[in-house]
Amino acid sequence: MNIFLMTMGCAKNNSDSEHLKAQLEFYGHKVTSDFQDNNTECAVINTCGFIQDAVKENIDAILDLEELKTQGRIKILIVAGCLVNRYEKELKQELPSVDLFVRSEEWEKITKFLGGTAKSEKSEKPKKNGCPSISLINQNYWTRYLKISEGCNTLCSYCAIPMIRGRLRSVPIDRIITEANIMCSAGAKELCLVGQDLTVYGHDFNNSTDLKTLVKELNNSVPKGTWLRLLYLHPNRVNEALIDFLMTQDKVLHYLDIPIQHCDSEILSRMNRPCPEGHMKRIFNYIRDNDPLFTLRTTIMTGFPGENDSAFGRLMDFVSDIEFDRLGVFVYSPEDGTEAAKLKGRVSRKIAEARCNKLTELQAEISQERGELFIGRELDVLLEETDESGAVWGRSYRDAPEVDGMICVEGTDFKAGNIIRAEIYDCEINDLYGERRI
């Protein structure tokens, strides 16, 4: 059967879709992330239901697929993933034309529903949460997302993830190592480690396995020149010892994504993310003291219940002091079933958006200043694409895929996935410009 697989949401969903694709291909189906008119029999959408904006976007995408089914351009429609985890009952009532609803990671329900002929007995059947359930989709072969855990135990008051994905479940190290090497054998140059919070990896095991154990194993196992990028670390569990360790791992990029959400102590307590006084500033300063060019990315929300002008002022001052290289800012959204949705002290959408815009403007100035530090320096650049003018674009250690900036490189032939050396001569807010150096 020809299957169109559509992936919505975060990097973790991309990883899930790769495993689903492998399951489907094992049973003889052909899977693509490009809809092919007159050649697609089934559409599967792997959904996101994290916040209400995402819910609306995903519902719209499902309705578009429903229309394709009504027109006879697809025969079967399957809705899977986080949105089903969160709103299965409501979806079944409102979307009767959907043939099957499947929760996250219950991929075998899809393969059982669709049938098909399994590969020979000598072929190894894909496994849940581990190798060899990997098959590239919706992602460049040179950059792959390596999911090391699922779920979360932190229970931030605003977050629906524990309701959607459940509690922490770490993937065993041997599976992660095998999967990482399979990805590298298929051409991966960059492995992005993802999970709801990497710092708690292994805490659900009854042994001493932790993030440092995993990173050391990966650093020693994957081929020379592989980039290891760590995404999503809870700031409370990032300390000097972890930083010192990461600095010694030659394949780990000097880049960390540490979502702080806020810096005001009262707001953090209301978020159920209480942080020792001065901890975040001390850690960020410690990182930069070790490497002034270390790239720090974070995420912040504005308009959380109880955020007054003083709390927001402290947040502005904190961002100015730390000088994050990259910062994602968004307006708080009350989510059904979360504790934060019950809190008093709601901030108007207008004020929250104004604060969001103010932070964005401040960060633009900081990002420009941080980018200027690289003028005259050389960087390794992983080539990714060409634009309509033929210019070659790629990413350095400073740039996570999809969320950060890029580097335009002159004087080089384009070959996707190649890593070349470039000297930087100019910068904009998020992007750098350079010339190839031999």
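How exposed is R103, in terms of relative accessible area? In this predicted model, R103 is partly exposed, with a relative accessible area of 33%. That value falls between the 20% below which a residue is called buried and the 50% above which a residue is called exposed. R103 is also one half of a salt bridge: its partner is E88, and the closest N and O atoms of the two are 3.1 Å apart. The pair links distant parts of the chain, since R103 sits in the loop between β5 and α4 while E88 belongs to helix α3 (residues 82-94), 15 residues apart.

The loop that holds R103 has another residue worth a look. E105 lies in the loop between β5 (100-102) and α4 (107-114), and its phi is positive, about 70°, although E105 is not a glycine. Most residues other than glycine have a negative phi. E105 is buried, with a relative accessible area of 10%. A positive phi, of about 80°, is also found at E402, again not a glycine. E402 is placed in the loop between β15 (392-395) and β16 (407-410). Is E402 buried or exposed? At 67% relative accessibility, E402 counts as exposed, whereas E105 is buried.

Stepping back to the whole chain, the protein contains twelve helices and 18 strands. Its radius of gyration is 22 Å, which agrees with the value near 22 Å that a compact globule of 438 residues would have. Along the principal axes, the C-alpha atoms fill a box of roughly 60 × 60 × 50 Å. Of the 438 residues, 55% count as buried.

Salt bridges can be followed through this fold, and a search of the whole structure finds 35 of them. One of these joins the side chains of R165 and D16, with an N to O distance of 2.9 Å. Because R165 lies in helix α5 (residues 161-165) and D16 in helix α1 (residues 11-26), this pair ties together parts that are 149 residues apart in sequence. Both ends of the bridge are covered: R165 is buried, with a relative accessible area of 8%, and D16 counts as buried at 3% relative accessibility.

A salt bridge within one helix is formed by E353 and R349, whose closest N and O atoms are 2.9 Å apart. The two residues are four apart in helix α12, so about one helical turn separates E353 from R349. E353 is partly exposed, with a relative accessible area of 35%, and R349 counts as partly exposed as well, at 45%. Elsewhere, salt bridges that share partners join D257, R297, R326, D399 and D404 into one network.

Helix α12 also takes part in a surface feature. Which residues gather in the patch of negative charge? The patch on the surface is made up of E361, E365, E369, E372, D426 and E428. Its largest share, four residues, comes from helix α12 (residues 349-372). E365 has its place in this helix and, at 52% relative accessibility, counts as exposed.

Terms used. Residues numbered from 1 in each chain as written. Heavy atoms only, no water. Buried < 20%, exposed > 50% of the residue type's maximum accessible area, 1.4 Å probe, protein only. Patch = residues over 30% accessible without salt bridge, like charges linked within 9 Å, V, L, I, M, F, W, Y side chains within 5 Å. Areas by Shrake-Rupley, 256 points an atom, 1.4 Å probe, with all protein chains shown as cover. Salt bridge = Lys/Arg side-chain N within 4 Å of Asp/Glu carboxyl O. Lys, Arg positive; Asp, Glu negative; His and termini not counted. Charge placed at Lys NZ, Arg CZ, Asp CG, Glu CD. Rg over C-alpha atoms; globule rule 2.2 N^0.38 Å.
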